[in-house]
Amino acid sequence: MKESALQIAHRAYQPKMPIALRGEVCLKEGERTQSVADQEAIKQLFPDTYGLPVVEIQAATAQAAKPARNVGVILSGGQAPGGHNVISGLFDGLKRMNPDSRLYGFLGGPSGLIEGKYTELTADIIDQYRNTGGFDIIGSGRTKLEETWQFDKGIEVCNRLGITAIVIIGGDDSNTNACVLAEYYLQKQCGIQVIGCPKTIDGDLKNKMIETSFGFDTACKVYSELIGNIQRDANSAKKYWHFIRLMGRSASHIALECALQTQPNITIISEEVEAQKMTLGDIVDDIARVVAQRAAKGLNFGTVLVPEGLIEFIPAMRALIQELNDLLADGKEFDVNGLRDDAKRLYQSLPEAIAKQLTMDRDPHGNVQVSLIETEKLLIEMVGKRLAEMKANGEYTGKFATQHHFFGYEGRCAVPSNFDADYCYSLGQTAAQLIQAGKTGYMAIVRNLTRPAEEWTAGGVPVTMMMNMERRNGKMKPVIQKALVDLNGKPYRYLVAHRDEWALSTDTYIFPGPIQYYGPAEVCDQPTVTLKLEHE
Ligand code: FBP
């Protein structure tokens, strides 16, 4: 197989690790914990994994020899840069504890466990994938692990391979399922531990204990490079408004981070739209106003960042989507007459393409597939109409030529930034230590991430601590609480403080350029602006 120069050179990159993970370790246990909400309900559902303490890994003096362990690993959900480094960190951590330990990768996501499809990950295989993007070492999938028969199949497969621990690398839903699995295996006393790792480019798996999910850093840097390039083009040709939709599912963390990195003219934040109870018409009016103001200064160009989940945050649209979710639950056929009157009216008022996109198949977790809804085109169409009205009233005299973009898949498998390469490798090593310590129902965590890697801290957080009850597929379910953009947080407040200046200016664009892997730390090892504003 032919490889790029970076691929070859980068295999030798040695991820930086916290000091605590470099030698012998011991675990320090904190106080017992409780879930972020709905404590009684979560406790009843997770009697054996509820209330466990947070644990921190600390350096220790030489320890007794460790037994060899057979461990299985699963990549779950959408790709995120750094997944291969979680696996190589886990592999190195297990082998360091006992060279006879073995790591099995389940193929194609959680379904690999149920169907018994696996491969043994040997040193040769791992070495091919060190510091690379993608999840192709074993593949990923979105099968939901939630049924007892699936859990029992998992026991059969693990027993066959002598596996006594499974690491699930996934987002909030996959880690919720990891905890359900951990609880079931504990109750069955089948001797299989389950550990999670916080993955998702969306950045919405973060809380008091998890500073950021892996992949967010690289994905935002890739998108910001592209946005910066587009801004240079816009500044040069001065003839297009670029509407750029950014992945991220419900939360606007990616749009916000990219805005902080590139300073576009307009950034929509879904959480703000919801808080201000804005309608689609209000959003369109706001954009049209800035387009007209720039046109009055002779600037018929600009950039607009649109978070992919926007549509769900417009209150009337959210109610419609909720009704559609319930209507479509369990694969039911869609019938518009099943909607209540106001939802039906709104549905019928939408452009046909968007209405159709809203009724497409849900993902296995019952979520609407927002990446398939072309909100940027909807906005271009509606802003165009609004500007035509303004022109007729003499309120606007410019030209509105547009380009639309959707950045999502471009960033999910990029070569991980040094930050993600280091962070993920440390997460994998942490997972190995949690397994060795006999923990289950925990997620591996690495914190203090705005500091140099040697000062990071590592440990585990019980998954039940992050849970609350939410309505999914028409039923109340225990799930890890999703983190949306905090409207009192520093990253959002920074945007608000600069938004008017960025809207009308010609010289505030920032051009971040491509991710750098070699060179000075201030160029290569920087965390996201969001992390810096939140934690420094
Ligand atoms: P995860 O939540 O599984 O990490 O996936 C993130 C994501 O990239 C979202 O940003 C996007 O909406 C979705 O996956 C797209 O899903 P798919 O890969 O199935 O097209």
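**Exercise 1. A helix across a sheet**

Task: In this predicted model, find which strands helix H8 (residues 216–237) lies across, and give its angle to E8.

Solution:
- Step 1. Start with the helix: H8 lies across E8, E10 and E11.
- Step 2. Now take the direction: H8 runs at about 175 degrees to E8.
- Step 3. Look for another helix on these strands. H16 also lies across E8, E10 and E11, and its angle to E11 is about 160 degrees.
- Step 4. Place the strands in their sheet. The sheet is open and has 4 strands, in the order E9-E10-E8-E11, with parallel pairing.
- Step 5. Find the edges. Strand E9 (266–267) and strand E11 (402–407) each have a single partner strand, so one side of each has no neighbour in the sheet.
- Step 6. Zoom in on one pair. Strand E8 (residues 241–246) and strand E10 (residues 302–307) are joined in the parallel sense by 6 bridges. Leu 246, for example, has Pro 307 in E10 as its bridge partner.

**Exercise 2. A glutamate in helix H16**

Task: Work out whether Glu 376 is buried or exposed, and which side chain it meets in a polar contact of 2.6 Å.

Solution:
- Step 1. Locate the residue: Glu 376 belongs to helix H16 (residues 375–392).
- Step 2. Compare its accessibility with the cut-off. Buried means under 20% relative accessible area. Glu 376 has 2%, so it counts as buried.
- Step 3. Identify the polar partner: the side chain of Glu 376 makes the 2.6 Å contact with the side chain of Arg 245.
- Step 4. List the surroundings. Setting aside neighbours within four places in sequence, Glu 376 is in contact with Phe 243, Arg 245, His 404, His 405 and Phe 406.

**Exercise 3. A leucine in a loop**

Task: Describe where Leu 484 lies and what it touches.

Solution:
- Step 1. Find the loop: Leu 484 sits between strand E15 (475–480) and helix H19 (490–504).
- Step 2. Judge its exposure. The class "partly exposed" lies between under 20% and over 50%. With a relative accessible area of 34%, Leu 484 is therefore partly exposed.
- Step 3. Collect its contacts. Not counting residues up to four places away in sequence, Leu 484 touches Ser 250, Ala 251, His 253, Glu 271 and Phe 313.
- Step 4. Try a distance. Val 383 is 101 residues from Leu 484 along the chain, and their C-alpha atoms are separated by 27 Å.

**Exercise 4. Checking helix lengths**

Task: Test whether the spans of H18 and H6 agree with 1.5 Å a residue.

Solution:
- Step 1. Take helix H18 (residues 418–436). Its 19 residues should span 27 Å, and the end C-alpha atoms are 27 Å apart, so the two values agree.
- Step 2. Take helix H6 (residues 148–161). Its 14 residues should span 20 Å, and the end C-alpha atoms are 20 Å apart, so here too there is agreement.
- Step 3. Check burial in H18: 19 of its 19 residues are buried.
- Step 4. Check burial in H6. Its buried residues include Phe 151, Ile 155 and Leu 161. The buried residues of H6 pack against several elements, among them E3, E4 and helix H7 (172–188).
- Step 5. See what follows each helix. Gly 438, just after H18, has a positive phi of about 80 degrees. Gly 162 follows H6, with a positive phi near 70 degrees.

**Exercise 5. A strand with two partners**

Task: Find how strand E12 (residues 442–447) is enclosed, and how it pairs with E7 and E13.

Solution:
- Step 1. Count the buried residues: 5 of the 6 in E12 are buried, so the strand is largely enclosed by the rest of the structure.
- Step 2. Look at strand E7 (residues 193–198): it runs parallel to E12, joined by 2 bridges. Ile 195 has Tyr 442 as its bridge partner in E12.
- Step 3. Look at strand E13 (residues 457–462): its pairing with E12 is antiparallel, over 6 bridges. Val 446 has Ala 458 as its bridge partner in E13.

**Exercise 6. Looking for disulfides**

Task: Decide how many disulfides the model has.

Solution:
- Step 1. Apply the cut-off: a disulfide needs two cysteine sulfur atoms within 2.5 Å. The count is 0 disulfides.
- Step 2. Test Cys 190: its nearest cysteine sulfur, in Cys 158, is 8.0 Å away, and Cys 190 is in no disulfide.
- Step 3. Test Cys 424: its nearest cysteine sulfur, in Cys 197, is 8.5 Å away, and Cys 424 is in no disulfide either.
- Step 4. Add the setting: Cys 424 has a relative accessible area of 0%, so it is buried.

Terms used
Residues are numbered from 1 along each chain as its sequence is written. Side-chain values use heavy atoms; hydrogens and water are left out. Buried means under 20% relative accessible area, exposed over 50%, partly exposed in between (1.4 Å probe, protein chains only). Two strands pair if DSSP finds at least two bridges between them. The expected span of a helix is 1.5 Å times one less than its number of residues. A polar contact is a pair of N or O atoms within 3.5 Å; within protein, one must be able to donate a hydrogen and the other to accept it, and residues adjacent in sequence count only if both atoms are side-chain atoms. Contact means heavy atoms within 4.5 Å. Axes are lines fitted to C-alpha atoms, for helices over the stretch in contact, and angles run from 0 to 180 degrees between N-to-C directions.
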